[in-house]
Amino acid sequence: MFVSLAALLLAGAASAQQYPSKPITIITGYAAGAASDTLARTLAEALQQQWGQPVVVENRPGSGSNIAAAYVARAAADGYTLMIATDATLTSNTFLYKAMPFDPVKDFTPVLNAAANIIVLAVHPDQPVKTVSEFLALAKKNPGKVSFGSSGAGSPHHLAGELMMQMTDVKLVHVPYKGGGATINDLLGGHIPSAFLSLSAAKTLHDSGKIRIIGVADKTRYAELPNVPTIAETLPGFEMSSWVALVAPAGTPPSIVKQVSEASAKILKTEAITKKLGGVGLVVTANPPAELASTIKTGLDVRGKLIKASGIQPE
C-alpha cells in the first residue's frame, strides 16, 4: 500500500512537472481586435515560444463574455483551457444578468491580474471645456442636458458616469451604445458631446486632435499622457478601474497555476511587451493570484452597490 501511494504521488509530481505536454487554448469573450484579445494573442505567442507547445486563442464573443466564461467554467481543470477575462466578466455581469451561467468566485481559479484597461473622459473638440472642472460646471448649469456616451448599459464606462453623478450634484444623460466603436463614431460626429472611453480606443484620436481627453479615471496619471490629470484630482476618491485578467477553471492544480502565473507575469513585464500593450492603452500590472482574488471580491462589492444605486435593471 505504501509503495502504491508513493508511486501515485510520484506520478502526480511528474505530471505537474511535465506541464504543458499538449496544446493550450486561451479563451476570450470578445471579438478579435479588442484590447483583451490583443493581450491574449501577445501572451499566447510568447508562451508558445517559451514552452514549445501550441497556445491557441479562441474568440467566443457574446452575452457580455458570459458565453466564453460559461464554457471555461465547465472545462477540465488541467491547465489546458485558460481564459482572458475582464472586470465585466468577473464582477459587473453578476448584477447585470438575471440568469448567470457561472459563479465568478466558485467556478474560476485566479491566475494573474494582467493589465489595467484605462478609462478616460473625452469630449468633442468643439465643446467649450478643457478640464473636468469645466465639464462639471457646464453640466451643472445645464441639468439633464449634457450627455455622455458609453459602450453599453452597465459597462465600466457607463458606471464611470454614474459614479461621477453620485459624487457630485450634476445630472448627466447617459447614451448607451453597442460597443466602443459606435460610441466613438457619434462622438467624432458631434452627436454626443462627451463619452467615457477605453484609452485603447481614445488615445490615437486624442493625439490627432479629433477628440479631447480631459480626465483619466484611474488612481494615477497615464505615463504617455502626463498632462492629462486624473478625475480624482478634481473629485477626490474617484476611480473606475477596468482590468484584464487570466483565470483557469476552479480546481486547477496549484503547481500549474503557479507555473502559468509566473511565466505570464515575466513575459508581460518585458520591455517590448509592456510597450506593445501600452500602445493599445493597457498598463501592465501582472499581479499574482491572491491579488486578483482580492480585486474580484472588491469589484463585486463596489460594482454591485453602484449598479443597484444607479437603478440599472438586469437583462
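## The six-stranded sheet

An open sheet of six strands sits in this predicted model, with strand order 2-1-3-10-4-11 and mixed pairing. Strands here are DSSP runs of E with at least two residues, helices are runs of H or I with at least four, and both are numbered from the N terminus. Two strands pair if DSSP finds at least two bridges between them. At the edges are strand 2 (55-59) and strand 11, each pairing on one side only. On average, neighbouring strands of this sheet are turned by 25 degrees against each other, direction ignored. For angles, axes are lines fitted to C-alpha atoms (for helices, over the stretch in contact), and values run from 0 to 180 degrees between N-to-C directions.

A quick note on the ground rules. Residues are numbered from 1 along each chain as its sequence is written, and side-chain values use heavy atoms, with hydrogens and water left out. As the model is predicted, local features need pLDDT of at least 70 and side-chain atom pairs count only at pLDDT 80 or more, while totals for chains, interfaces and linings use all residues.

## Strand 3, wrapped on both faces

Which way do the strands beside strand 3 run, parallel or antiparallel? Strand 1 (residues 24-28) runs parallel to strand 3, joined by four bridges, and Thr25 stands opposite Thr81. Strand 10 runs antiparallel to strand 3, again with four bridges; here Ala85 stands opposite Ala245.

Six of the six residues of strand 3 are buried (under 20% relative accessible area, 1.4 Å probe, protein chains only), so the strand is largely enclosed by the rest of the structure. In a regular strand the side chains alternate between the two faces of the sheet. In strand 3, Thr81, Met83 and Ala85 point one way, Leu82, Ile84 and Thr86 the other, and all are buried.

## Helices 4 and 11

Helix 4 is largely enclosed too, because eight of its ten residues are buried. Among them are Asp87, Thr91, Asn93 and Leu96. The cover over these buried residues includes helix 3 (66-73), strand 3 (81-86), strand 4, helix 6, strand 10 and helix 11.

Helix 11 lies across strand 4, strand 10 and strand 11, at about 80 degrees to strand 4.

## Two pockets

The largest pocket holds about 1000 Å³ of space. A pocket is an open set of points on a 1 Å grid over the protein atoms alone, where a 1.4 Å probe fits, with protein on both sides within 12 Å along at least five of seven lines; lining residues have an atom within 4 Å of a point. Points are joined across faces, edges and corners, and the volume is the space filled by probe spheres set on them. Of its 46 lining residues, Tyr30, Ser151, Ser155, His157 and Gly179 lie nearest the centre.

The second largest pocket has about 590 Å³ and 30 lining residues, with Asp218, Glu239, Ser241, Ser242 and Trp243 nearest its centre. Which element gives the most to this lining? That's helix 11, with seven residues.

How values were computed. Buried < 20%, exposed > 50% of the residue type's maximum accessible area, 1.4 Å probe, protein only. Contact = heavy atoms within 4.5 Å.
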